[in-house]
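Here are a few friendly notes to read alongside the model. Have the structure open as you go through the points.

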Amino acid sequence: MSEPSWDDVYAAAYPQVYRGLVALGARPDEAEDALHDAFVRGLEGADVASPPGWLFVVATRRWRRRRWRDRIFRPLAAVTRTEAAEPAVRIDLFDALRKLPRRQREVLVARYIVGLSQDETASVLGIARGTVAATATQATRALRARLEER
């Protein structure tokens, strides 16, 4: 008897994993997207011992990563779409933000655009709480210096 195809394994595991993602809090469309992403990853040749478990873990990671990105970038998108009284100031701020090192930029966005606490920022970015505070201080100094140059 031959081993079932990845398509068959996916079709059998899909309802169970889909319900699991929705139970975790994913919207139905988010659960579906995350599962499709996991399926594609499986097609790329991942070594899978337990397909339902593997699909659940990969889909959950994809869903959480997408949710995290949405939390970071949705407020930023709203800010860039609104008309500001002084558009040149807004552009200068975003230009200055883009020039900061990645970690400093992530901390500032998480803390001051998304509004996460130091503990939440540390958890989301996988760094220590003290690192969040120090990085935010360094980043605001650098940002202030860049904006004052203009």
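**Notes on the aromatic rings and the cavity**

1. Tyrosine 10 and phenylalanine 39 are both buried. Please keep in mind that this is a predicted model. Their ring centres lie 4.3 Å apart with the planes at 40°, so this pair counts as tilted. The contact links distant parts of the chain, as tyrosine 10 belongs to helix H1 (residues 6-24) and phenylalanine 39, 29 residues apart from it, to helix H2 (residues 28-43).

2. Another pair worth a look is tyrosine 14 with tyrosine 18: the centres are 5.7 Å apart and the planes at 15°, so these rings are stacked. Both sit in helix H1, and because they are four residues apart, about one helical turn separates them. Tyrosine 18 has 23% relative accessibility and therefore counts as partly exposed.

3. Stepping back, the whole structure has five aromatic pairs. Ring pairs join Trp6, Tyr10, Tyr14, Tyr18, Phe39 and Trp54 into a cluster.

4. Now to tryptophan 63: the charged end of arginine 67 sits over its ring, 4.4 Å from the ring centre. Both residues turn up again in the lining of the largest cavity, together with Glu30, Ala34 and Arg66.

5. How much space lies in that largest cavity? About 30 Å³, and the structure holds one cavity of 30 Å³ or more. H2 and helix H3 (51-81) are the elements that each give two or more residues to its lining, with the largest share, three residues, coming from H3. By type, the lining divides into three charged residues, two nonpolar and no polar.

How values were computed:
Residues numbered from 1 in each chain as written. Predicted model: local features only at pLDDT ≥ 70, side-chain atom pairs only at ≥ 80, totals over all residues. Heavy atoms only, no water. Phe/Tyr/Trp six-rings, centres within 6.5 Å; stacked < 30°, edge-to-face > 60°. Buried < 20%, exposed > 50% of the residue type's maximum accessible area, 1.4 Å probe, protein only. Lys NZ or Arg CZ within 6 Å of the ring centre and 35° of its normal. 1 Å grid on protein atoms, 1.4 Å probe; cavity = no way out; pocket = protein on both sides within 12 Å on 5 of 7 lines; lining within 4 Å. Points joined across faces, edges and corners; volume = space filled by probe spheres on them. Nonpolar A, V, L, I, M, F, W, Y, C, P; charged D, E, K, R; others polar.
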